[in-house]
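Reader: Hi! I'd like a close look at a single part: the surroundings of the ligands, then the sheet that goes with the story. Please keep the cut-offs in, since I'll want to compare them with my own scripts.

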Amino acid sequence: MEQTKELLQAQTHVCHHINGNAISMFLKCAVELGIPDAIHAHGQPLPFSLLVSSLPMPPTKAPSLRRLLRLLTHTGFFTIHPDLDSSGDDAYSLTPSSQLLLRSSSPSLASFVLGMLDSSILSPLQLLSAWYRSEQPATAAEMARGMPIWDWTRANPHFNLLFNDAMASDTSVVSKVVVTDCKAAFRGLRSLVDVGGGNGMFARAIAEAFPHIKCTVYDLPHVVATMPESPVVQAIGGDMFERIPPADAVFLKLVMHMLTDEQCVKILRLCKEAIPKREDGGKVIIVDMVLNSEKEDYMVTESQLVMDLVMLQATGGKEREEHEWKKIFVEAGFVDHRVTPLGTRSLIEVFP
Ligand SMILES: C[S@@+](CC[C@H](N)C(=O)[O-])C[C@H]1O[C@@H](n2cnc3c(N)ncnc32)[C@H](O)[C@@H]1O
Ligand SMILES: O=c1cc(-c2ccc(O)c(O)c2)oc2c(O)c(O)ccc12
């Protein structure tokens, strides 16, 4: 009896892993259908019958929609209010997680969900075992696309926008936390350059929160070309391995984790040339993961270890523990750093 119990537990564990792929697609479907937006627009728990009539689907799909809501309620994205108005019709409301899936507000992770769950981003994962078996130094993503990721976004304007919007979506959440809880990191700065800053979402957030800081976005030309016009943020196209524009602070979000240690040292040495001495306010501000050695939060640890492998397959990068960061900082000529945890990521101030 004990043996079959263990067998069934093992089967449940394996199936839970496999289901992870499907669960993410069910969440993507809810965002694509606009379910969070429909509930939000109602301003109070939305009766199921009204939800069905507000969505782009035939009424015959109502029973199937109820099953989708049943799962996403179970996994914490909706709250069910059984028979709310005694009409026998259940109503649904949002949770803090689905508040972040509204396509019509900011901050929002809707574009991050749609972008990072796009088949073009996920397809390289199918080649991971082939990559492990091959002698090729390239990534699984290069095997799938025939070119490195930034050549791929340059060659495919649709995916360039999809990716940049996804990163800006992630930034809409992180920047709100950083400008609220990490004000001290920006104190005294007169200028900041966001290297690999994408379409400028973070730089705009910093410029709005700290108007005295002159903000510049520095990214590849085909990326800064997607940046909306802004009176407060200057855009410069270039290659961060060649040159980094001078500023009091260099800001790097989700850039270092896509690079090897050697590439990080090269970038940080260029950063050191671009910023003044510490006593004159010079610093590098990194927003990336610091792998959590205590592993006290299962979901945080799982997200960090997943992202480490996402980076392995996407760019050849990695997530790092604090001692790994320190080694890179010292090798690049920096003498001190300070870590501020931000959920699965951290804000790391690095001082010359
Ligand atoms: C994962 S994205 C992060 C974007 C943004 N920092 C954010 O977190 O929202 C990495 C960024 O690095 C940029 N990048 C990659 N290689 C670069 C290079 N050689 N020079 C400048 N930017 C580069 C990419 O175009 C992309 O916008
Ligand atoms: O191709 C990428 C994919 C992802 C990514 C993020 C979260 C996910 O759940 C996921 O499935 C993929 O993130 C990137 C990133 O952060 C980079 O700096 C460079 C490239 C990528």
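Author: Let's start with the term you'll meet most: a polar contact is a pair of N or O atoms within 3.5 Å; within protein, one must be able to donate a hydrogen and the other to accept it, and residues adjacent in sequence count only if both atoms are side-chain atoms. This is a predicted model, where local features need pLDDT of at least 70 and side-chain atom pairs count only at pLDDT 80 or more, while totals for chains, interfaces and linings use all residues. Residues are numbered from 1 along each chain as its sequence is written, chains are lettered from A and ligands numbered from 1 in the order written, and side-chain values use heavy atoms, leaving out hydrogens and water.

On confidence, the chain has a mean pLDDT (the predictor's confidence in each residue, from 0 to 100) of 96, with 100% of its residues at 70 or more. For the complex, the predictor gives an ipTM of 0.95 and a pTM of 0.96.

Now for ligand 2. It has 13 residues around it, and the closest are Met116, Ile149, Leu254, His257 and Met311 (near means that a heavy atom of the residue lies within 4 Å). His257 puts a polar side-chain atom 2.8 Å from an oxygen atom of ligand 2, while Leu254 brings a polar backbone atom to 2.9 Å from an oxygen atom of the ligand. On its own, ligand 2 has 450 Å² of accessible area, and the protein covers 88% of it (areas come from Shrake-Rupley with a 1.4 Å probe; for residues, only the protein chains shown count as cover). Helix 6 (110-116), helix 11 (157-181) and helix 15 (298-314) each give two or more residues to this shell, and helix 15 gives the most, with 4 residues. Helices (H or I, at least four residues) and strands (E, at least two) are DSSP runs, numbered from the N terminus.

Helix 11 turns up again at ligand 1, where its 3 residues are the largest share of the shell. Of the 17 residues around ligand 1, Thr171, Gly196, Asp219, Met240 and Lys253 come nearest. Thr171 has a polar side-chain atom 2.7 Å from an oxygen atom of ligand 1. Asp219 offers a side-chain N or O atom at 2.6 Å from a ligand oxygen, and a backbone N or O atom of Gly196 sits 2.7 Å from a ligand nitrogen. Alone, ligand 1 exposes 590 Å², and the protein buries 95% of that.

Finally, the sheet. It is open, with 7 strands in the order 6-5-4-7-8-10-9 and mixed pairing (two strands pair if DSSP finds at least two bridges between them). Strand 6 (233-237) and strand 9 are the edges, each with a single partner strand, so one side of each has no neighbour in the sheet. Neighbouring strands are turned by 20 degrees on average, direction ignored; axes are lines fitted to C-alpha atoms, for helices over the stretch in contact, and angles run from 0 to 180 degrees between N-to-C directions. Helix 12 (residues 201-209) lies across strand 4 (191-195), strand 5 (214-219), strand 6 and strand 7 (249-253), at about 175 degrees to strand 5, where contact means heavy atoms within 4.5 Å. Strand 7 ends at residue 253, and Lys253 is one of the nearest residues to ligand 1. Likewise, strand 5 runs to residue 219, and Asp219 makes that 2.6 Å approach to ligand 1.
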